[in-house]
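Subject: Structure handover and notes

Dear colleague,

I am passing the structure below on to you, together with the notes I made while going through it. Please read them alongside the coordinates and tell me where you would put things otherwise.

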Amino acid sequence: MASLLLASVSVVAAAGLGPITAIPAPDPGIEKHYDDTYRILANNDDDADPGDISYNGYFENDYPYGPVELQAKSQSPSQTLRYAATQDVYIRDISDFQAVPYQDKWTPYADLLSYQETEFLRVHGNNTYDGPPSTDGEWFVRVTSQYGEWQPVYNADVRWNPDAGEHYVANPEEALVHEAYYSNTIARNLHAARQYTQYAQDSDRVAIPMMNGRELYPTSDGASMSRKWGQSNFDTVQDSWVGINHVFGGVWYRDSYVVGGVPTRGAYVPFDHRAVTPPDYSYQDQCRKKHIHRRTHTHDNSTHTHTSTHWHYYDRTKWAEYDLINSSAEVTSVRLDRPGFSGDSEWAKFGDITWIAIEDPSSRPLEYPRGEYTLTATLEVTSEIETRWGITSSQCSELSRSSTDTYTHTTQYSVPVTITDYDSPNLNISVVHIDGEGDDRLLVTWDGDQDLPHDPWRQIQVDIDGKVVNFDSPWRFYGVSRNDEVVVRTTSGSQTHAVTHTQDDRWPAIYHYQTSVANVTMGFPLPQNGAEHQRWGYLRPVDMQVAARPGGAPLPAGVNAPDNDGPTELYTQYVVSVNSNDLDTGETASATANNPFGAKIDQPEVSTKPYSPAVLRLMEIDRSPTGEGHEGTLILTDTTDNFLAGKVITVIQGDGTEWTVTTDSEGRAPVTWNGVSLRARYDGDVWDTGPDNPYYKGDSILYLLPPGEIAFAAVGTVGEYISGAINNTLIFVEWLALGIFAFWYVRMRRRTTKRGGGKKA
């Protein structure tokens, strides 16, 4: 079977065999360099099928089955390689720099710090942890990092300490903790910009980033000089370019970088150029010299002179020679501007390739009102050329002159930038908490434009006395490669190099983040994400009101973002039921919210009100002898028999037919149904009716016939809690009730038969 290390993610196939990509396993005690970890930032590359991968890492079960979120330090280098090879990776917080592990690091267990904890897990078939086992194969050993992440321990000799009543590692010097060397996305951007600008002052060659055979940043020629002896003008600067790799603090969304306002923003601005001189030049012509011949003779004692004239032509050479004395390139300006903007547009330079939007020398961040801008980088290339020219000839007049002149070429590159406010000031969020026994309800309301260029939000976290619920926004940001190769041009020709994804590589892929529109999601956070005491439970969406449906954002081919394929939904209101294993009431709730730029949104307004119980009954029953057309009246009241009007009740008859009825001013709703059973439920109030009005909890009933009227009231909160596991409690109860009835009916038939028969009722 053919095997290909991930120095390239291309998949090869041996004759008669399927493709396979082999991800190298980390070798304990050896710092191994992985060649493709930074492909995690290149989501528009080709992904390998997970089934075509052989793997021997420390997290063998960790196959990603969809896009993966890149976070602080949660991956090992081998995990990163797997994610980069098989799936795409996104971030959700624009402000943070994300860690990228690029090399294994092994440290002795003896070097553990006092605050790091050790955990011993018994090895057995039901254990989902798959780190390296202890030397006797009986235990998994892992320790916490300084970030609270679990890290595997290799070669641990596990012993039992009877005095302390606990296990311990008996060989701390030989046991190794698997960690990683990390870089981050900021360093990667700087590295890419520096590599492409490293030889920008070397006039002999130019490196041009390319994408799909086209220049990423268009090149231009200029710095024209006049040439001697009638030759046309010549451009002394060729293939000059300036680019904007990435606007940090921003993401690409629908043909523009979207950036929060203050704090400080900036950009990485690489550039390069090539300087050339005209070829030396010479040509031959002739000079003309007049020759006069005089002939004198005497005649009749008179002397006469006769003159004749003719021309002689002699060869001569006119020549010109050119030398490049010096050539330099400099980005003279990075400017964020728009028509009518009267503020300070010029950004300040830090190093060769970093420009920051601060005021010099006060270092205060420049402030821009919301709106559409253009960020323009200007490159000025100056060439100093010495020209020598003259005439040589054996007979003609000779000439020799020289001069040194400076020629300048200016080129620009621009990108659109959308400035929005850093902390989403026009977005108001409120949360209503309806308090119940093990069954709470949250009503979240948004007021404002939540689209990314306006006032977006990233996450809303609601804490109900230890039950933490996260609402996550639809924004996902995928790093994409902006070039796939580099063309290096010199006077003698050009060479093409593929971009790479390695730490300290020569030609790294230039990348930036592009926006994908997913969907609003909700869930209980995992314990390592700040919910250490999270109570177990489940969430169920109840209803929502849609504010907008933005379509998927344009993404490059190869980005695996399935949620971006169709429109998403941003909500005006969203209602969710929170079920958990506590039966507490009298709880209070608090909430926080932030946005993708790392800013806190004004504290959401949170209010709490208790459920008011509702009672659903089926009365005035008129059973049909044919089994069809039974009639009855559903009546909904509170616990003091006050009628609840205008409430929608869902009705389901035995064959599954479902419909709704609405209670009148006396809380009544007539129903007609067929079959032996009728189920009815009131799901409870969905929307808040005001701070002073009750919020009614749901109730449900099950009615069975014959032999008589058997009604099962809702079994309360615990029953609803169980319903999350078995999907539909009422169906379960109906089966149970019918089963009990069938059991009773058979026993009665047997009893009457033994007595010699019975009378028909």
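Strands β29 (residues 459-464) and β30 (residues 467-472) are paired in the antiparallel sense, with six bridges between them, and within this pairing aspartate 463 is found opposite valine 468 of β30. Two residues lie between the strands of this hairpin, and aspartate 465 adopts a positive phi there, near 45°. Strand β29 also pairs with β38 (residues 589-594), again in the antiparallel sense and over six bridges, and here glutamine 459 has asparagine 594 of β38 as its bridge partner.

Please bear in mind throughout that this is a predicted model. The mean pLDDT of the protein is 85, and 86% of its residues reach 70 or more. Confidence is highest in β13, at 98, and lowest in helix α3 (residues 716-726), where the mean is 38. Two stretches deserve particular caution: over residues 1-17 the pLDDT stays under 50, although the model has 38 contacts for them beyond four places in sequence, and over residues 740-761 the pLDDT is likewise below 50, with five contacts in the model beyond near neighbours in sequence. Where pLDDT is low, the predicted coordinates should not be read in detail, and I have tried to write the rest of these notes in that spirit.

As for the overall make-up, the protein has four helices and 48 strands, and of its 761 residues 46% are buried. When contacts with a separation of 6 or more are considered, 69% of them involve residues 24 or more positions apart.

Strand β13, mentioned above for its confidence, belongs to an open sheet of four strands, which follow the order β13-β12-β32-β33 with antiparallel pairing. The edges of this sheet are formed by β13 (214-215) and β33 (493-498), each of which pairs on one side only. Strand β32 (residues 485-490) runs antiparallel to β33 and is joined to it by six bridges; among the paired residues, glutamate 485 has alanine 498 of β33 as its bridge partner.

Helix α1 (residues 77-86) is mostly covered, with 10 of its 10 residues buried. Those buried residues include Arg82 as well as Leu81, Tyr83, Ala84 and Ala85.

What does the interior hold in the way of cavities of 30 Å³ or more? The count comes to two, and the largest has about 110 Å³ of space. Of the 18 residues lining the largest cavity, Val259, Gly260, Arg265, Tyr368 and Ile419 are the closest to its centre. Strands β18 (257-260) and β26 (399-420) each contribute at least two residues to this lining, which by class has 13 nonpolar, three polar and two charged residues.

The second largest cavity has a volume of about 50 Å³. Its lining is made by Tyr38, Leu41, Ala42, Arg188, Ser481, Thr500, His501, Ala509 and Tyr511, and this set divides into five nonpolar, three polar and one charged residues.

Finally, there are two further backbone points that you may wish to inspect. Asparagine 155 has a positive phi of about 65° although it is not a glycine, and its place is in the loop between β8 (150-154) and β9 (158-161). Is this residue buried, partly exposed or exposed? Asparagine 155 counts as partly exposed because its relative accessibility is 28%.

Arginine 254, which is not a glycine either, has a positive phi of about 50°, and this residue is found in the loop between β17 (250-252) and β18. Since β18 also supplies at least two residues to the lining of the largest cavity, you may like to view that loop and the cavity together. With a relative accessible area of 35%, arginine 254 is partly exposed.

I look forward to your comments.

With best wishes

Methods. Residues numbered from 1 in each chain as written. Predicted model: local features only at pLDDT ≥ 70, side-chain atom pairs only at ≥ 80, totals over all residues. Heavy atoms only, no water. Pairing = 2+ DSSP bridges. 1 Å grid on protein atoms, 1.4 Å probe; cavity = no way out; pocket = protein on both sides within 12 Å on 5 of 7 lines; lining within 4 Å. Points joined across faces, edges and corners; volume = space filled by probe spheres on them. Nonpolar A, V, L, I, M, F, W, Y, C, P; charged D, E, K, R; others polar. pLDDT = per-residue confidence, 0-100. Contact = heavy atoms within 4.5 Å. Buried < 20%, exposed > 50% of the residue type's maximum accessible area, 1.4 Å probe, protein only.
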